Structure formats: C-alpha cells, structure tokens
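The report that follows describes the ligand site, the pockets and cavities, and the backbone of one chain. It is best read with the structure open alongside.

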Amino acid sequence: MKVIGPLIALLVGIVYVRYRATSMTPSFEYVIVGGGTSGLVAANRLVQRGASVLVIEAGPDSDREDGVNISGMYGSMLNSHIDWKYDVGLKQPMPRGRTLGGSSAINFLLWNRPAEVEINAWNDLGVNGWDWDSLIEAMKEVETFNPPSEITNKLFGLDEPVDTSNYGHNGEIQLSYPRYATKMDEAWLETLRRLHIASNVNPADGNNVGANVSPITMNPSNFTRSYSASAFLKPVRDSSKLTIIDNATVSRVVTEKDSRGILNAVGVEYIRNGKKHSVAVLNKVVMAAGAISTPHILELSGIGDEEILKKYGIETILHQPNIGKNFQDHTYVASVFEVDSSVRNLDPVHFNPSIALEELAKYRSQSVSLLEQANVCVAYLTKDQLLDKEDQSELAELIKEVYLYEGEYKDQYLKQLEFLESDSVTQSEFINVGFFADVFNPPDVNKTYLTLLAANQHPFARGEVHIRSSNPLAHPRIQPNYLSHPIDVLFQKAASKYTRRIAWQQPLSAVVEREVIPGAHVQSEDDWEDLVKKRIFGEYHGIGTARIGKVDRGGVVDDKLRLHGANNIHIIDASVIPLHVSAHIQSLVYAIANKSLLYL
Ligand SMILES: Cc1cc2nc3c(=O)[nH]c(=O)nc-3n(C[C@H](O)[C@H](O)[C@H](O)COP(=O)(O)OP(=O)(O)OC[C@H]3O[C@@H](n4cnc5c(N)ncnc54)[C@H](O)[C@@H]3O)c2cc1C
C-alpha cells in the first residue's frame with residue numbers, strides 16, 4: 001500500500017508534464033503581452049538580438065487605417081473599434097489604443113519632455129539608475145528630429161532656431177513640424193508673451209517652463225503618423241524570429257514557484273475567437289499592456305492583493321498589495337470660444353464633408369493641407385505664474401494639511417510640495433487643440449471654434465485599477481478619483497480661469513468672437529468649482545499602477561523592471577512611472593521601454 005501514494009504522484013507528475021508539453025506549445029524565448037507603444041520597442045530590439053519573440057495583442061493591425069496614419073485625423077479613432085473605451089463614470093470613456101501600436105496609434109502626436117527635476121526625483125523615492133541623463137539618452141536613441149523649416153518658424157513666430165543637440169537623430173520615431181498653422185497657432189507665442197509667459201524655444205533641454213511649439217510624431221516625407229507599429233514593428237515584421245498574434249486577449253501569465261518560493265513564468269494564456277490557447281515561455285514574460293491592463297492581467301494571474309483576489313475567487317499566487325494602486329493621470333477641462341469665419345482649423349474638415357474631401361485630396365497629393373497638423377501650441381506654467389494672491393493663500397493652508405498626511409503616498413506628496421516651490425517645475429499645461437472639443441454640447445456646424453485645454457500636471461489624487469470579475473474579457477474597475485484632493489481642485493479652477501485670459505488677450509483675441517464655455521455666467525468661485533467638477537476628464541496619461549521602487553515604498557518592480565517576487569516577469573510600460581511629470585508621456589514611455597532592454 002505504501003507505494004501507491006508515490007506512484008499516483010509520479011503518474012500525476014507525468015501527466016502534468018505531458019499536459020504542459022502538449023498544451024503549452026509552441027514556445028518562445030520572450031512573450032510580450034501587449035503590442036502597443038512599449039511592447040513593440042522591446043519586440044524590435046529583442047528580434048534584432050536574435051531572440052525568438054511572440055507578441056500577443058488584443059486589437060487588430062491598423063496599418064491601413066486613415067484615422068491612424070493621417071496626422072490631422074488625430075482624435076478620430078476615439079470611441080472606435082481600436083479604442084478600449086474604459087468606463088470611468090464620466091460622460092466620455094477613457095480612451096486607450098487597442099491595436100498594434102497601442103495608444104501611440106490613436107494619440108494626439110505631441111512629443112515633449114518632462115523636466116529634469118521631475119525625473120531626478122525618482123531617486124529620492126528610492127529608485128536607482130533612472131536619472132535624467134540615462135533616460136534622456138534612451139529617449140534620444142528612439143528619435144529622429146527634423147527641425148522646423150524657415151516657413152514653419154515664420155508661421156509660428158519662432159524667432160530663435162531650435163537647438164537640435166537636445167534631440168536624437170538616428171532613431172525610429174520621426175519628429176517634425178507641420179507646414180500649416182491656423183490663425184490661433186500664429187498668435188500663440190505672442191499672446192502668451194503679452195501675459196508675461198516667455199517663449200521657450202528649447203523645452204526639450206530639461207526645463208519646459210513657458211510657451212512653446214512642440215514637434216509631433218509625424219514623418220516629414222509623407223506627413224503620416226510615426227508610431228510604435230510603423231517605426232518599430234515594420235522593420236522586423238518579416239523576421240522569422242518574430243510571431244505576432246493579434247486580436248488575442250491575454251488572460252493569464254502561468255507561473256510556477258521555485259524552491260525559494262520565487263515565481264517563474266512558464267507560459268501565457270490568451271483567448272482568440274472565443275477559444276483559449278497557451279504558449280510556453282523559455283526566458284521572460286514582458287508585460288507591456290499599459291497602465292490599465294498590466295495590473296489587470298497580473299491580478300487575473302493571481303498576482304496582487306490577496307483580499308481583492310479572494311473576492312473574485314482567484315487563488316493568490318503572489319501577494320503583492322501595491323499592484324493597481326497609485327494610479328495618476330493629468331486632468332483637463334476644455335474651454336471653447338467661437339472664432340471668426342476666416343479661421344481655418346480642423347472644424348470645417350469635421351463638419352463639412354466636401355471640405356473634408358478637398359483637404360484629403362490635397363493631403364494625398366502632398367500639398368499643404370489642414371490635415372497636416374496636430375496640436376503643437378502649448379504652454380507650461382509654474383504655480384507662481386498661474387495663481388493669484390487669494391489662490392496662493394488658500395494653497396498655503398492646504399499645504400499645511402499635506403504635511404500632516406501620514407499615508408502611503410507621503411514621500412510622493414513631499415516631492416510634489418518641493419515641485420510646487422520650484423521655478424523649474426510647472427503645474428499647469430495649456431493646449432490649443434485645433435478643433436471643437438466639447439462632449440457636452442454639439443457644435444454649430446456653420447461655425448469655427450478655438451478649444452483650449454487647461455490640464456493639471458501634478459495631481460495629488462491617487463486612483464486604483466483592479467479586477468471586477470474573474471472573467472478576463474471584462475474590463476477592470478478604474479477609479480481615477482479625479483479632483484478628490486482639494487489642491488487639484490484649486491489648480492484646475494485656476495487653470496480654467498486662465499484660459500479666459502489667454503483667449504481674450506491680443507493678438508489671439510482678434511479672432512475670438514464669443515466665449516461658449518465656460519460662458520459669461522461663470523464668474524464666482526462656486527461657479528468655477530461647479531464647472532471643473534462637471535467637466536473634468538483625464539488627459540489620457542494614466543501611469544503608476546505597477547510603479548518602480550522598493551516594496552515597502554509602494555513598488556511593484558525593482559530597478560531592473562522585474563516584478564518583485566518573480567524571476568522572469570518584467571514590466572516596461574507606463575504603469576512603472578512612479579510620479580507624474582509635466583509632459584505628455586509617450587516620449588517617456590518609449591524611453592523606459594528602450595532602457596528596459598538592458599535588463600531583458
Ligand atoms: C487618446 C490619447 C491621446 C494621447 N495623446 C498623447 C500625445 O499627444 N502625446 C503623448 O506624449 N502622449 C499621448 N498619450 C499618451 C501615450 O500615448 C500613452 O501614455 C502611451 O502610448 C502608453 O504606452 P503603453 O505602452 O504604456 O500602453 P499602450 O500603448 O496603450 O499599449 C498597451 C497595449 O497592450 C494591449 N493590451 C492591453 N490589454 C491586453 C490584453 N489583455 N491582451 C493583449 N493585449 C493587451 C493594448 O491593446 C495595447 O496595444 C495619449 C493617449 C491617448 C489614449
């Protein structure tokens with residue numbers, strides 16, 4: 001009888017090994033979860049190293065999609081079949097790219113850099129090896145910068161040449177400037193100057209304070225979007241080392257524990273056409289599903305806070321309570337102004353099909369067209385540039401309360417208080433968007449509009465992203481908690497008020513005819529508070545849900561981007577960014593993914 005127990009164990013073992021061998025083939029050295037912005041950087045570099053790589057992407061290939069390729073069609077793929085459309089309880093879902101190229105396929109193309117101080121702050125949060133110098137090197141490596149032409153300089157009023165040494169010149173992502181500027185663009189720098197906001201011709205040098213005209217991710221030879229799929233996937237697409245499985249949703253990373261209790265990823269499961277499949281991984285799993293999906297997939301895999309996992313009947317493989325916490329996003333409120341009928345921005349293209357066709361024909365023949373543009377005119381303001389005396393004293397009171405805070409985000413909040421006092425860190429961003437962008441009221445299609453976004457760059461609010469079901473196809477629960485901190489309300493109000501100053505300042509005001517939003521009735525502090533609370537949205541820059549850092553300081557991955565408690569699971573996407581920066585984040589995401597290759 002004594003031999004029966006071990007015999008059964010042996011038989012079960014043989015069956016299990018055979019099961020793995022048959023059901024978990026084929027095998028790859030690297031399995032990349034998510035073929036988006038970061039995932040395709042890793043795919044490109046690993047294939048060039050000679051490794052066998054599988055990329056599993058939930059969405060389709062969109063390389064022939066006009067809404068992706070034509071730079072001036074930015075925004076058109078929101079709510080489309082390649083947008084995840086996450087419900088966050090607001091009037092507009094949170095967009096995120098669901099296609100090869102990920103969010104870089106549907107984003108607004110703007111390319112700018114954080115401030116040096118913001119990146120070096122990671123070190124004070126306990127992160128080693130991720131300073132400005134190393135990240136800027138990694139960022140430059142992915143860039144090819146095409147400086148503005150004489151015509152562009154003139155159009156936008158750039159009176160000093162851009163210092164090209166701040167950019168890279170041999171990388172995959174093409175950066176360039178449009179040949180077309182609207183009257184609002186032409187007036188931008190001078191308008192801000194008259195409000196005592198200096199023009200910053202070199203915002204890429206680590207100090208982004210001021211108004212500037214940013215490059216966009218546009219190929220200057222044909223004015224198409226330069227993004228992760230066109231830049232990183234295309235050159236290696238035909239390699240025998242690379243396998244892409246698209247329209248496939250990863251449902252789980254399959255792990256085993258070694259004798260020390262450390263996890264090893266041995267495979268990845270995914271669902272395609274309603275059927276479950278699995279593949280074996282020989283070396284590493286690279287998580288690149290973005291700041292929403294990466295924590296979601298880890299939790300589905302039993303890696304997360306055991307209290308949360310238990311609630312949904314998922315066995316805890318690795319208790320990691322920091323996963324899905326620390327969600328941070330820039331927030332924005334849009335102000336809209338009617339402008340005179342001589343202004344030609346993207347509104348006529350959106351409102352009038354015959355103008356759209358005319359502009360498309362011009363674009364296709366490479367003539368200057370309204371469709372060759374994006375929102376390039378921005379301004380970044382410090383606290384002291386933005387706040388009036390009353391706001392400053394209200395802020396001083398609120399800061400006292402932050403000093404009393406003893407919770408898990410204490411070290412980040414102290415850093416943010418330092419940022420508030422720095423004259424090289426900005427708190428609010430203003431963007432001249434280029435088309436009517438109000439989701440609450442339809443436009444009058446016979447009119448043209450100026451939309452100004454006022455965006456908060458250093459929110460104190462922290463949100464969470466967690467599973468809401470064990471069904472891998474169900475979206476996670478996203479609680480962004482926008483404006484849940486009074487300092488965020490104060491800055492969002494101040495920034496929205498400032499859009500009124502911008503719009504009614506010469507020379508921009510010469511084309512402005514009427515304020516639509518906020519509208520003349522919005523005057524008192526209460527009015528502004530109502531307005532921002534009703535119209536708040538995320539600026540599509542979610543980060544932080546699997547942040548880099550030590551476990552006892554909220555970290556999910558170590559300095560080498562390896563999941564704490566696992567040997568071979570790395571995270572390389574926006575979820576590892578620990579603390580928000582005053583910039584659009586694709587450049588930082590590309591840089592992180594590029595630098596991750598040191599550790600993969
Ligand atoms: C509408 C919009 C506008 C933006 N505008 C700008 C801008 O102008 N400038 C700027 O710098 N930044 C902008 N951003 C932000 C920037 O594009 C993103 O932060 C960045 O691209 C995120 O990269 P990522 O690799 O972390 O994630 P993503 O690029 O989103 O990649 C994640 C990939 O994983 C896939 N995936 C997710 N879950 C699964 C699963 N279960 N199985 C398989 N695959 C999965 C997704 O489909 C996606 O392809 C914008 C973002 C959006 C959404």
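Which helix gives the largest share of the lining of the second largest pocket? In this predicted model, that share belongs to helix H8 (residues 228-233), which contributes four residues to the lining.

**Overall fold**

The secondary structure of the chain comprises 18 helices and 20 strands. The radius of gyration is 24 Å, close to the 25 Å that the globule rule gives for 600 residues, so the chain is as compact as a globular protein of that length. Measured out along the principal axes, the C-alpha trace spans about 95 × 60 × 45 Å.

**The ligand and its shell**

There are 39 residues around the ligand, and those that come nearest are Thr37, Ser38, Glu57, Ser103 and Gln586. Three polar contacts to oxygen atoms of the ligand can be set side by side, with the part of the residue that takes part in each.

| Residue | Part of the residue | Distance from an N or O atom to a ligand oxygen atom |
|---|---|---|
| Thr37 | side chain | 2.6 Å |
| Asn107 | side chain | 3.1 Å |
| Gln586 | backbone | 2.8 Å |

Thr37 and Asn107 thus take part through their side chains, while Gln586 does so through a backbone N or O atom. The ligand has 1000 Å² of accessible area on its own, and the protein covers 98% of that area.

Several elements build the shell around the ligand: helix H2 (37-48), strand E7 (248-257), helix H9 (290-300) and helix H18 (586-596) each supply at least two of its residues. By class, the shell holds 18 nonpolar and 17 polar residues, together with four charged ones.

**The second largest pocket**

The pocket to which helix H8 contributes has a volume of about 330 Å³. Its lining consists of 17 residues, of which Asp63, Asn69, Tyr227, Ser230 and Lys234 are the closest to the centre of the pocket. When this lining is divided by class, it has four nonpolar, seven polar and six charged residues.

**Enclosed cavities**

How many cavities of 30 Å³ or more does the model hold? The count is two. The largest cavity encloses about 70 Å³ of space, and its lining is made up of Val88, Leu90, Gln92, Pro93, Met94, Pro95, Tyr482, Phe537, Gly538 and Tyr540. Eight of these lining residues are nonpolar and two are polar, with no charged residue among them.

The second largest cavity has a volume of about 40 Å³. Around the second largest cavity stand Leu125, Val127, Asp411, Gln412, Arg547, Ile548, Gly549, Arg553 and Pro578, a lining that divides into four nonpolar, two polar and three charged residues.

**Backbone details**

Most residues other than glycine have a negative phi, and most peptide bonds are trans. Against that background, a few positions deserve a look.

The peptide bond that joins Gln506 and Pro507 is cis, with an omega of about -5 degrees, and Pro507 is located in the loop between helix H16 (486-503) and strand E18 (512-517). Another cis peptide bond runs from Ile517 to Pro518, where omega is near 10 degrees; Pro518 belongs to the loop between E18 and helix H17 (525-535).

Asn79, although not a glycine, has a positive phi of about 70 degrees. Asn79 is placed in the loop between helix H3 (66-69) and helix H4 (116-124).

How values were computed
Residues numbered from 1 in each chain as written. Predicted model: local features only at pLDDT ≥ 70, side-chain atom pairs only at ≥ 80, totals over all residues. Heavy atoms only, no water. 1 Å grid on protein atoms, 1.4 Å probe; cavity = no way out; pocket = protein on both sides within 12 Å on 5 of 7 lines; lining within 4 Å. Points joined across faces, edges and corners; volume = space filled by probe spheres on them. Nonpolar A, V, L, I, M, F, W, Y, C, P; charged D, E, K, R; others polar. Near = heavy atom within 4 Å. Polar contact = N/O pair within 3.5 Å; in protein donor to acceptor, adjacent residues only side chain to side chain. Areas by Shrake-Rupley, 256 points an atom, 1.4 Å probe, with all protein chains shown as cover. Rg over C-alpha atoms; globule rule 2.2 N^0.38 Å.
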